[in-house]
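Hi,

Here is the structure I promised to pass on. Have a look at it first, and my notes on the cysteines follow below.

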Amino acid sequence: MTIAPEIRSAATRSAGTPTTSTITVRRSDPATGELTAEGFRRCGSLSWRRTTTQDGTTTVDIRHPFTSDLISDDVMVSALVCLVEDGALAGQWEFEEAAVGLIRSSAASEDLAWSSFYDNSLRDLVTGIASFSPVHRRARILVQGTEVLEVGCCFGLFALQCAEAGLRVSACDISAGAINLLRAAAARRRTSVDAIVANATDLPCADDSVDTVTLIHLLEHLSRDERDRALAEALRVARRRVIVAVPYEEEPSPHFGHLSCLREHDLIDWAQHVDHAGAEILDDHGGWLILTPRAG
């Protein structure tokens, strides 16, 4: 299947660099036996096959059983990480292409596929069965005030949860595709989220304009200079609190676009390089840096 660039780039904050690979994704009914067809290798719930032509172009064919009742962020990520570990996918671009392919092929129409993805993902996050639920739960506990800006929101699942809990929410991401998907999901769910395209290092927001600014699993995607600028911008915009969450990994995950492995000493170092009135570090399904802005 062909993935439109504006939709493909919604999978993560950066679309990455396309390779010579082509990723095709198709839903297959397990009862037909297509998931175990000759030439395909099983990997968890999926099957895959890699072929290379004489001109060096590689095609990765992926087949999956996920319907609109099953597709969610948790299901998608778990399935694709299996493919990465099995050698089927390499790098961020291939991961993103496969991710959006799984979602779009889970239903007969694109609208149904994306609406099901959002509804199922939010249900799993709120009920606590998604693997990322503890991260979002901790972030919601740490929020102060009634106004939240989520920076690097990607699909905007945290922003939607906050808005549906009664907070006034803004969200931004550098991916226009991600923002368009979030706007559509918010409108369909009749949830108010002010979603805009913006860079974390140059926020189009006034000083002291929101109570809390969150950067959840964003800074591991940025260079050192970009991290410092993003933190400084968040502190400029926040009145009461800046919340940073990062994964702790043994090795950076290139398929997620992670640039570095992070530990507590990194959070301490970051806090020392920006101007703030106080810093706290927590360990809960990764690392947390909570910064208090100086009074404006």
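Let me start with the S-S bond between C43 and C82: the torsion about it is about -120°, so this disulfide is left-handed. Bear in mind that the model is predicted. The two sulfurs sit 2.3 Å apart, which counts as a disulfide because the cut-off is 2.5 Å. Searching the whole structure turns up 1 disulfide, so if you are setting up bonds, this is the pair to enter.

As for where the partners are, the link ties together distant parts of the chain, 39 residues apart. C43 belongs to strand β2 (residues 41–43), while C82 lies in helix α2 (residues 73–85). How buried or exposed are the two ends? C43 has a relative accessible area of 5%, so C43 is buried. C82 comes out at 22%, which makes C82 partly exposed, since buried means under 20%.

I also checked some cysteines outside that pair. Why does C162 have no partner? The closest cysteine sulfur, in C153, is 12 Å from the sulfur of C162, and that is too far for a bond. C162 is buried as well, with a relative accessible area of 1%.

C205 is in no disulfide either: the nearest cysteine sulfur belongs to C172 and is 6.5 Å away. With a relative accessible area of 23%, C205 is partly exposed.

Cheers

Note on methods. Residues are numbered from 1 along each chain as its sequence is written. This is a predicted model: local features need pLDDT of at least 70, side-chain atom pairs count only at pLDDT 80 or more; totals for chains, interfaces and linings use all residues. Side-chain values use heavy atoms; hydrogens and water are left out. Helices (H or I, at least four residues) and strands (E, at least two) are DSSP runs, numbered from the N terminus. Buried means under 20% relative accessible area, exposed over 50%, partly exposed in between (1.4 Å probe, protein chains only).
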